[in-house]
Amino acid sequence: MNEHLAATGAAVAPGAHGVVVLDGAGWHRSGDLLVPPNLTLLHLPPYSPELNPMEQITFCS
């Protein structure tokens, strides 16, 4: 997760600020996360699949 946050922070335009929306996964709440200063972590409330776009994807076979 720290590698992802570092890469995301590096991709944010200079002078801009990014927001990363996270669900309740354990690695999203680790106290060891290194959040770049140009990013803010926004945690979704528990049990809110309607707010998570990934929960709205329907797979067809």
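Buried, in this talk, means under 20% relative accessible area, exposed means over 50%, and partly exposed is in between. Keep those cut-offs in mind, because the residues I show are sorted by them. The model on the screen is predicted.

I'll start with the outline. The protein has one helix and two strands. Read along the sequence, these give the pattern α-β-β. There are 61 residues, and 23% of them are buried. The protein exposes about 4700 Å², with carbon and sulfur atoms supplying 62% of that area. As for contacts between residues at least 6 apart in sequence, 34% of them join residues at least 24 apart.

Now strand 1. Which way do its side chains point? They alternate: Gly18, Val20 and Leu22 point to one face and are buried, whereas Val19 and Val21 point to the other face and are not buried.

Let me take the buried face. Val20, a residue of strand 1, has a relative accessible area of 12%, so Val20 counts as buried under the 20% cut-off. What does Val20 touch? Setting aside residues up to four places away in sequence, Val20 touches Leu5, Thr8, Leu39, Thr40, Leu41 and Leu42. Gly9 is eleven residues from Val20 in sequence, and their C-alpha atoms are 9.7 Å apart.

Leu22 points to that face as well. Beyond its neighbours within four places in sequence, Leu22 is in contact with Met1, His28, Leu41, Leu42, His43 and Leu44.

Both Val20 and Leu22 belong to the largest nonpolar core. The core has six residues in all, and the others are Leu5, Val12, Leu33 and Leu39. In soluble globular proteins, nonpolar side chains tend to be buried together.

Next, the other face of strand 1. Val19 and Val21, together with Leu42, make a nonpolar surface patch of about 270 Å². So nonpolar residues turn up on the surface here too.

On to the pairing of the strands. How do strand 1 and strand 2 run? They run parallel, and five bridges join them; strand 2 covers residues 39–43. Val20 stands opposite Leu41 of strand 2.

Thr40 is also in strand 2. Is Thr40 buried, exposed or partly exposed? Its relative accessibility is 37%, which falls between the two cut-offs, so Thr40 counts as partly exposed. Not counting residues up to four places away in sequence, Thr40 touches His17, Gly18, Val19 and Val20. Thr40 and Gly18 are 22 residues apart in sequence, yet 6.3 Å apart in space, C-alpha to C-alpha.

That leaves the loops, and I have one residue from each of two. Gly15 sits in the loop between helix 1, residues 2–11, and strand 1, residues 18–22. Gly15 has a relative accessible area of 90%, and because that is over 50%, Gly15 is exposed. Its C-alpha atom is separated by 8.3 Å from that of Asn38, a residue 23 places away along the chain.

Leu34 is in the loop between strand 1 and strand 2. Buried or exposed? Leu34 is exposed, because its relative accessible area is 61% and the cut-off is 50%. Apart from neighbours within four places in sequence, Leu34 is in contact with Asn2 and Leu5. Leu5 is one of the core residues, so an exposed residue can still touch a buried one. Leu34 and Met1 are 33 residues apart in sequence, and 8.7 Å separates their C-alpha atoms.

To go over it once more: strand 1 has a buried face with Gly18, Val20 and Leu22, and a face with Val19 and Val21 that is not buried. Val20 and Leu22 are in the six-residue core, while Val19 and Val21 are in the surface patch. Strand 2 runs parallel to strand 1.

How values were computed. Residues numbered from 1 in each chain as written. Predicted model: local features only at pLDDT ≥ 70, side-chain atom pairs only at ≥ 80, totals over all residues. Heavy atoms only, no water. Core = buried A, V, L, I, M, F, W, Y, C linked by side-chain atoms within 4.5 Å. Buried < 20%, exposed > 50% of the residue type's maximum accessible area, 1.4 Å probe, protein only. Contact = heavy atoms within 4.5 Å. Helix = DSSP H or I, 4+ residues; strand = E, 2+ residues; numbered from the N terminus. Areas by Shrake-Rupley, 256 points an atom, 1.4 Å probe, with all protein chains shown as cover. Patch = residues over 30% accessible without salt bridge, like charges linked within 9 Å, V, L, I, M, F, W, Y side chains within 5 Å. Salt bridge = Lys/Arg side-chain N within 4 Å of Asp/Glu carboxyl O. Pairing = 2+ DSSP bridges.
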